Amino acid sequence: MAAAGGEPSAPSSSDDLFQNFYTEVKQIEKRDSVLTSTQQIDRLLRPGASYFNLNPFEVLQIDPEATDTELKKRFRALSILVHPDKNQDDPDRAQKAFEAVDKAYKNLLDPEQKKRAVDVISAGREYIEHTMKEKKKQLKKDGKPVFVEEDDPEMFRQAVYKQTMKLFAELEIKRKEREAKDMHERKRAREEEIETAEKAKRDREWQKNFEETRDGRVDSWRTFQSKGKKKEKKNRSFLKPPKVKMEQRE
């Protein structure tokens, strides 16, 4: 339905946008759920899959509000499609696709991991809704028709999808940075621990050698002192008075 002036009418509320978004998602899930094994493998290993597959709901093509029963059913169906045993003509790629599916399923079985994924998706949607409001506020201020491209359900869906993927990617990058930092700290701590242990070992060896050679050093010092005294006695001399020459008389 179009508004006056030929402009398409905007959805009545953000709830309508959200409902339209999930309607679109479900339609896509229904369409993609009948993909062949090869198509599913290609989907899971497409360029950029390392980031696309960060969203476990995207991997399994299932609604975030799906029940555990629906989740299990979807995992079973998809894992069979991409299992290496069912794709012996391309076992290596099938194995990678299967691992992606298995990882996504395990993440969603973990309540904490699932909540984190749902929160990211919600944050992506809320960000787009906030952006839309800001755009409309500016349009109204400029006296222009208050309509943005995200008012179209498909454009809204795409915007939320992109923002969600961006958030998942940012979180993954931060996770890797933390992991690298932690690894560096552990390595540094280990190096310091090894250095401390080696220093302690060197100190113990020095102390041991010092104790073991103490008697020898004492004997050497005594010998040195006794030789010095003998030499002093041997070299001691007494001054003799000069001989007096007798005067000869003529």
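What share of the contacts in the protein chain with a separation of 6 or more comes from residues 24 or more positions apart? Here it's 64% of those contacts. Keep that in mind as we walk through this model, which is a predicted one.

Let's begin with the overall layout. The protein chain has nine helices and zero strands, so reading along the sequence simply gives you α-α-α-α-α-α-α-α-α. Of the 250 residues in the protein chain, 26% are buried. As for the outside, the protein chain exposes about 19,200 Å², and 53% of that comes from carbon and sulfur atoms.

A good place to zoom in is helix α5, which runs over residues 68–82. Its 15 residues reach 21 Å from the first C-alpha to the last, close to the 21 Å expected at 1.5 Å a residue. Now look at which of its residues are tucked away: Leu71, Arg74, Phe75, Leu78, Ser79 and Val82 are buried. They sit on the same side of α5, because they cover an arc of only 125° around the axis. There's a neat bit of helix geometry to recall at this point: an α-helix has 3.6 residues a turn, so residues three or four places apart point the same way. Turn to the face of α5 that looks away from the buried side, and you'll find the exposed residues Thr69 and Lys73.

And what do the buried residues of α5 pack against? Their partners are α2 (37–44), α4 (56–60) and α6 (91–109).

That brings us to the largest nonpolar core, a set of 25 residues. Within this core, the residues with the most contacts are Leu60, Val82, Val101 and Phe168. The elements that give two or more residues to it are α2, α4, α5, α6, α7 (111–141) and α8 (153–212). The most comes from α6, which gives seven residues. To get a feel for the packing, pick out Val101: leaving out residues up to four places away in sequence, Val101 touches Leu44, Val59, Leu60, Phe75, Leu78, Ser79 and Val82. Apart from this core lies another one, of seven residues, and Met132, Val148, Phe156 and Val160 are among them.

Next, a pair of glutamines. Gln40 has its place in helix α2, while Gln61 lies in the loop between α4 and α5. Are they buried or exposed? Gln40 is buried because its relative accessible area is 0%, below the 20% cut-off for that label. Gln61, at 9%, is buried too. The two side chains meet: the side chain of Gln40 makes a polar contact with that of Gln61, at 3.2 Å. The backbone of Gln61 deserves a look as well, since its phi is near 55°, a positive value in a residue other than glycine. For comparison, most residues other than glycine have a negative phi.

Our last stop is Glu58, which lies in helix α4. Which residues is Glu58 in contact with, once its neighbours within four places in sequence are left aside? They are Arg43, Arg46, Phe52 and Tyr161. You can also try tracing the path from Glu58 to Leu44: these residues are 14 residues apart in sequence, and their C-alpha atoms are 9.5 Å apart in space.

Definitions and conventions: Residues are numbered from 1 along each chain as its sequence is written. This is a predicted model: local features need pLDDT of at least 70, side-chain atom pairs count only at pLDDT 80 or more; totals for chains, interfaces and linings use all residues. Side-chain values use heavy atoms; hydrogens and water are left out. Helices (H or I, at least four residues) and strands (E, at least two) are DSSP runs, numbered from the N terminus. The expected span of a helix is 1.5 Å times one less than its number of residues. Buried means under 20% relative accessible area, exposed over 50%, partly exposed in between (1.4 Å probe, protein chains only). The arc is that of the directions from the helix axis to the C-beta atoms. Contact means heavy atoms within 4.5 Å. Accessible areas come from the Shrake-Rupley method with a 1.4 Å probe; for residues, only the protein chains shown count as cover. A nonpolar core is a set of buried Ala, Val, Leu, Ile, Met, Phe, Trp, Tyr and Cys residues joined through side-chain atoms within 4.5 Å. A polar contact is a pair of N or O atoms within 3.5 Å; within protein, one must be able to donate a hydrogen and the other to accept it, and residues adjacent in sequence count only if both atoms are side-chain atoms.
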